[in-house]
Amino acid sequence: MRIVFLGPPGAGKGTQAKFLERNYAACQVSTGDILREAVQAQTSLGRQAAQYMARGELVPDELVVSLVGERIRQPDCRNGFILDGFPRTIAQASGLEAILQNMGAALDCVFNLRVPDAILIQRLTGRRACSRCAALYHLAFSPPQREGICDRCHGNLYQREDDREETIQARLNVYKTQTAPLIDLYRRKGLLKEIDGVGSMEEIRDRIIKAVNEVRA
Ligand code: AP5
């Protein structure tokens with residue numbers, strides 16, 4: 001399966017993409033995670049991306065398209081991939097199409113997770129992530145067993161710098177102006193599946209499984 005997850009910040013793209021990765025032979029490719037690792041490692045990519053990410057703005061298209069192009073050619077993506085947070089602009093969608101054409105591959109579907117702003121803000125302000133294995137938690141909705149410690153690998157949990165309320169608002173605005181137009185683009189291509197992203201993580205997971213089964217049928 002080759003899947004794209006569209007949706008605003010906090011819609012649950014990472015949560016659901018990790019679930020699909022564990023249960024279907026497809027690899028999660030999160031541009032946000034790759035960029036955060038690059039920032040932490042202070043690579044050339046990380047140094048270029050850091051200023052944009054801290055402001056809640058998008059990293060330039062050419063940087064992101066090139067990193068995704070390299071990533072999805074890796075052997076672990078041979079059986080399929082779940083793009084989480086990419087594409088995010090019309091230019092990135094064109095870049096992806098060119099990469100896939102070059103690989104002789106195509107997308108199977110694009111899931112658009114729909115969630116109202118008030119819930120997104122609640123999810124983002126309570127989010128914590130593991131600094132070692134990137135597992136996701138939420139202080140209220142899926143808290144770790146021990147405060148500040150990852151249940152899976154015992155790494156330390158941290159709050160993302162861009163999950164402060166003022167940066168969240170900037171990210172929501174960027175989503176509405178630059179990413180939301182992709183919904184129509186993929187609808188016109190016949191690839192879009194709308195998913196109601198409100199409810200428990202399990203309810204949303206079940207909606208996605210149903211949609212995956214429809215695509216595979
Ligand atoms: P990125 O990391 O991609 O952030 P995002 O798109 O803003 O999405 P999030 O990771 O914030 O949310 P999510 O939808 O994955 O939700 P999650 O599952 O974590 O990008 C960060 C930055 O990197 C960008 O601002 C940009 O600068 C740069 N960047 C990345 N990709 C780029 C690109 N393609 N082009 C240019 N720049 C790019 O869930 C959120 C929280 O809610 C968690 O705590 C979770 O536990 C909880 N939760 C999830 N589902 C539920 C539920 N159903 N009920 C209750 N809680 C839930």
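What follows is a working chat about the predicted model shown above and the surroundings of its ligand.

Q: Before we start, is this model predicted or something else, and which residues come nearest to the ligand?
A: The model is predicted, and of the 36 residues around the ligand, those that come nearest are Thr15, Glu57, Arg88, Arg127 and Arg171.

Q: Ok, what does Glu57 put close to the ligand, backbone or side chain?
A: For Glu57 the contact comes from the backbone, where an N or O atom lies 2.6 Å from an oxygen atom of the ligand.

Q: And what about Val59 and Arg88?
A: Val59 also uses a backbone N or O atom, which lies 3.0 Å from a nitrogen atom of the ligand, whereas Arg88 uses a polar side-chain atom, placed 2.7 Å from an oxygen atom of the ligand.

Q: How much of the ligand's accessible area does the protein cover?
A: On its own the ligand has 1,000 Å² of accessible area, and the protein covers 97% of that.

Q: Which elements give two or more residues to that shell?
A: They are helix 1 (13-23), helix 2 (31-41), helix 6 (117-125), strand 6 (136-138) and helix 9 (201-216), and helix 2 gives the most, with 4 residues.

Q: How does the shell divide into nonpolar, polar and charged?
A: The residues of the shell around the ligand comprise 15 nonpolar, 12 polar and 9 charged ones.

Q: Switching to the strands, why is strand 4 largely enclosed?
A: Strand 4, which spans residues 109-114, has 5 of its 6 residues buried, so the rest of the structure largely encloses it.

Q: What does strand 4 pair with, and in which sense, parallel or antiparallel?
A: Strand 4 pairs with strand 1 (residues 2-6) in the parallel sense over 4 bridges, and with strand 8 (residues 192-196), again in the parallel sense, over 5 bridges.

Q: Which residues stand opposite each other there?
A: Between strands 1 and 4, Ile3 stands opposite Cys109, while on the side of strand 8 the bridge partner of Val110 is Leu192.

Q: Last topic, which residues of the largest nonpolar core touch the most other members?
A: That core has 32 residues, and the ones touching the most other members are Leu6, Ile72, Leu83, Leu96, Leu107, Val110 and Tyr186.

Q: And which elements give two or more residues to this core?
A: The list includes strand 1, strand 2 (27-30), helix 3 (44-55), helix 4 (61-71) and helix 5 (90-103), with helix 4 providing the largest share, 5 residues.

Conventions: Residues are numbered from 1 along each chain as its sequence is written. This is a predicted model: local features need pLDDT of at least 70, side-chain atom pairs count only at pLDDT 80 or more; totals for chains, interfaces and linings use all residues. Side-chain values use heavy atoms; hydrogens and water are left out. A residue is near a molecule or strand if one of its heavy atoms lies within 4 Å of it. A polar contact is a pair of N or O atoms within 3.5 Å; within protein, one must be able to donate a hydrogen and the other to accept it, and residues adjacent in sequence count only if both atoms are side-chain atoms. Accessible areas come from the Shrake-Rupley method with a 1.4 Å probe; for residues, only the protein chains shown count as cover. Ala, Val, Leu, Ile, Met, Phe, Trp, Tyr, Cys and Pro count as nonpolar, Asp, Glu, Lys and Arg as charged, and the others, Gly among them, as polar. Buried means under 20% relative accessible area, exposed over 50%, partly exposed in between (1.4 Å probe, protein chains only). Two strands pair if DSSP finds at least two bridges between them. A nonpolar core is a set of buried Ala, Val, Leu, Ile, Met, Phe, Trp, Tyr and Cys residues joined through side-chain atoms within 4.5 Å.
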